[in-house]
Amino acid sequence: MNEMVTIPKDEYLRLKEIEEDMADLNSAADVLARIKAGTEELIPSAVVDRLLAGDAPLMVWREHRGLSQAELARQSGVNRIQIIDIEAGRKTGSAATLKKLAIALMVDMDDLFDARDQ
């Protein structure tokens, strides 16, 4: 049998806001726990600024990881000329190529696409 409780709308809205605040706090606590555990990466604002400014994502992530084009080529198995062409915007790279680069850079494939194109 369903039990019903009637409360004023203002009280309902207040309780709803508290529920949303608790969900936000729980999400923040989860992120903090991942940061402390070392499983959540913090991205410097300079990297985010470059991505938002339209710099080539592959170049931004490669430089953030401290890799040369040659070293990224070695670690990913992707030809250095392909990396140069992708960074210069002359080519986009196949899904297989982008997957290799993403793995080597420890990012999602989506991170290698220009945010303004999505």
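Here is a quick tour of the pocket, the surface and the charged pairs in this structure. Keep in mind that the model is predicted. The largest pocket comes to about 310 Å³, a nonpolar patch of about 750 Å² sits on the surface, and the whole structure holds 11 salt bridges.

**The largest pocket**

- In volume, the largest pocket is about 310 Å³.
- Its lining takes in 15 residues, and the ones that lie nearest the centre are P57, I86, K91, L112 and D114.
- Two helices to look at here are α3 (57-64) and α5 (80-88), since each of them supplies at least two of the lining residues.
- Sorted by class, the lining splits into seven nonpolar, five charged and three polar residues.

**The nonpolar patch and helix α1**

- Eight names to pick out on the surface are V5, I7, Y12, L13, L15, I18, M22 and L25, which make a nonpolar patch of about 750 Å².
- One of these patch residues, Y12, belongs to helix α1, which covers residues 9-37.
- Y12 has a relative accessible area of 45%, so it counts as partly exposed. That is over the 30% needed for a patch residue.
- Helix α1 also carries a charged pair: K16 and E19 form a salt bridge, with 3.2 Å between the closest N and O atoms.
- K16 and E19 are about one helical turn apart, because they are three residues apart in helix α1.
- Both partners are partly exposed, K16 at 34% relative accessible area and E19 at 47%.

**More salt bridges**

- K16 and E19 make one of the 11 salt bridges found in a search of the whole structure.
- Another links the side chains of D55 and R50, at 2.9 Å from N to O.
- D55 is partly exposed at 29% relative accessibility, and R50 is partly exposed too, at 26%.
- R90 pairs with D85, and here the closest N and O atoms are 3.0 Å apart.
- The two ends of that bridge sit in contrasting settings: R90 is exposed at 56% relative accessibility, while D85 is buried at 12%.
- Beyond single pairs, there is a network in which R50, D55, R62, E63 and E87 are joined by salt bridges that share partners.

**Loops and an unusual backbone angle**

- G66 falls in the loop that runs between α3 and α4 (69-76).
- With a relative accessibility of 61%, G66 counts as exposed, so its value is over the 50% cut-off.
- For a sense of distance, take G66 and the patch residue L25. They are 41 residues apart along the chain, and 34 Å separates their C-alpha atoms.
- M106 is worth a look for its backbone: its phi is near 60°, a positive value in a residue other than glycine.
- You'll find M106 in the segment after α6 (95-105).
- M106 is exposed as well, with a relative accessible area of 62%.

Conventions
Residues are numbered from 1 along each chain as its sequence is written. This is a predicted model: local features need pLDDT of at least 70, side-chain atom pairs count only at pLDDT 80 or more; totals for chains, interfaces and linings use all residues. Side-chain values use heavy atoms; hydrogens and water are left out. On a 1 Å grid over the protein atoms alone, a cavity is a set of points where a 1.4 Å probe fits but cannot get out, and a pocket is an open set with protein on both sides within 12 Å along at least five of seven lines; lining residues have an atom within 4 Å of a point. Grid points are joined across faces, edges and corners, and a volume is the space filled by probe spheres set on the points. Helices (H or I, at least four residues) and strands (E, at least two) are DSSP runs, numbered from the N terminus. Ala, Val, Leu, Ile, Met, Phe, Trp, Tyr, Cys and Pro count as nonpolar, Asp, Glu, Lys and Arg as charged, and the others, Gly among them, as polar. Patches are made of residues with over 30% relative accessible area and no salt bridge: like charges are joined within 9 Å, nonpolar side chains (Val, Leu, Ile, Met, Phe, Trp, Tyr) within 5 Å. Accessible areas come from the Shrake-Rupley method with a 1.4 Å probe; for residues, only the protein chains shown count as cover. A salt bridge is a side-chain nitrogen of Lys or Arg within 4 Å of a carboxyl oxygen of Asp or Glu. Buried means under 20% relative accessible area, exposed over 50%, partly exposed in between (1.4 Å probe, protein chains only).
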